Amino acid sequence: MALVPFDDRDGVIWWNGEFRPWRDSKLHVLSHGLHYASAVFEGERCYAGEIFKLREHTERLLQSGRILGFEIPYTAQQIDDACNETIRRNGLTNAYVRPIAWRGAEEMGVAAKATTVQVAIAVWEWGAYFGVEQRMKGVNLAMAKWRRPHPETAPTASKAAGLYMIGTMSKEAAMDEGADDAMMLDWKGDLAEATGANAFFVMDGEVHTPKPTCFLDGITRRTVMDLARKRQMKVVERVIHPDELPKASEVFLAGTAAEVTPVRRIGAHDFTPGAITETLMKDYDALVNRRG
């Protein structure tokens with residue numbers, strides 16, 4: 001199936017308070033955000049016309065900008081309203097939502113205090129991140145050679161565009177090996193996350209997940225942990241070493257795009273999606289679709 005380029009689509013994009021035709025939503029090649037990664041973004045999903053945990057995503061967007069040293073010139077309510085209106089104007093009820101803020105083209109150089117902060121919101125139809133069939137049978141993860149950085153070397157508490165370069169390289173290398181994605185270690189060599197989703201490991205009936213010391217404490221991650229606790233499952237946040245992978249009976253990923261996705265392999269280790277993964281998949285699906 002041929003790809004539909006993201007710069008050649010119908011619809012409108014919200015840009016600094018206005019709605020622009022999709023194909024006309026362009027920025028200058030000397031925008032600071034392009035050259036120096038002075039950009040932050042969010043990924044959100046809209047289910048049946050309602051964006052899941054919209055305010056939490058918006059507040060994280062604003063905080064990410066502050067971590068990078070700039071203030072986004074809109075309130076949380078203004079951004080929430082813009083996201084909802086962009087969904088409405090594009091005639092979508094189930095969609096992916098991408099707000100992004102970046103420094104503009106007024107100044108070129110490492111420092112950019114004279115730049116204006118630009119904000120845009122785009123929405124589009126997007127199904128299962130790994131494809132429905134692939135998601136149900138579980139995904140295959142290669143081990144990434146790149147690691148999540150020490151929090152004193154990068155703004156790891158932000159959803160900053162520059163941090164995803166490592167994920168892009170890791171995922172593309174994994175795909176070249178025939179895998180679907182990559183499992184990343186942190187700077188110490190302990191398990192961290194996949195390239196765009198948090199990881200969970202079922203060990204002795206308990207749900208274990210790495211502490212987010214150098215990667216995002218995902219909104220979906222926290223949601224899944226709450227769902228597990230409601231099921232009286234024990235949730236353990238801790239340092240997990242790769243040598244512990246054979247102890248896991250089930251592994252799954254959680255993220256806005258990935259939702260809850262079973263894992264069938266990490267490197268040389270095989271796993272079978274089981275009852276805990278299936279239960280949390282169903283509970284998450286019921287929650288976001290307001291069936292529970």
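**Entry 1: orientation of helix 2 and helix 3**

I record that helix 2 and helix 3 are oblique to each other. The model I am examining is predicted. For this pair I looked up the packing angle, which is about 125 degrees, and the separation of the axes, which is 9 Å. Helix 2 covers residues 54-67 and helix 3 covers residues 76-89. An angle over 145 degrees would count as roughly antiparallel and one of 65 to 115 as roughly perpendicular, so the assignment as oblique follows. I note the hand of the crossing of helix 2 and helix 3 as right-handed.

**Entry 2: residues in the contact**

I next listed the residues that make this contact. Helix 2 contributes Leu54, Arg55, Thr58, Leu61 and Leu62. From helix 3 come Ala76, Gln77, Ile79, Asp80, Cys83 and Asn84. By class, I find six nonpolar, three polar and two charged residues in the contact of helix 2 with helix 3.

**Entry 3: cysteines**

I then asked how many disulfides the whole structure holds. The search returned zero disulfides. I looked up the sulfur of Cys46 and found the closest cysteine sulfur, in Cys83, at 10.0 Å. A disulfide requires the two sulfur atoms within 2.5 Å, so the sulfur of Cys46 is too far from that of Cys83 for a bond. Cys83, listed above among the contact residues of helix 3, is likewise in no disulfide.

**Entry 4: burial of the cysteines**

Finally, I checked whether these cysteines are buried or exposed. Cys46 is buried, at a relative accessible area of 2%. Cys83 is also buried, and its relative accessible area is 0%.

Conventions: Residues are numbered from 1 along each chain as its sequence is written. This is a predicted model: local features need pLDDT of at least 70, side-chain atom pairs count only at pLDDT 80 or more; totals for chains, interfaces and linings use all residues. Side-chain values use heavy atoms; hydrogens and water are left out. Axes are lines fitted to C-alpha atoms, for helices over the stretch in contact, and angles run from 0 to 180 degrees between N-to-C directions. Helices (H or I, at least four residues) and strands (E, at least two) are DSSP runs, numbered from the N terminus. Angles under 35 degrees count as roughly parallel, over 145 as roughly antiparallel, 65 to 115 as roughly perpendicular and the rest as oblique. A crossing is left-handed if the near helix is turned anticlockwise from the far one by less than a right angle, and right-handed if clockwise. Contact means heavy atoms within 4.5 Å. Ala, Val, Leu, Ile, Met, Phe, Trp, Tyr, Cys and Pro count as nonpolar, Asp, Glu, Lys and Arg as charged, and the others, Gly among them, as polar. Buried means under 20% relative accessible area, exposed over 50%, partly exposed in between (1.4 Å probe, protein chains only).
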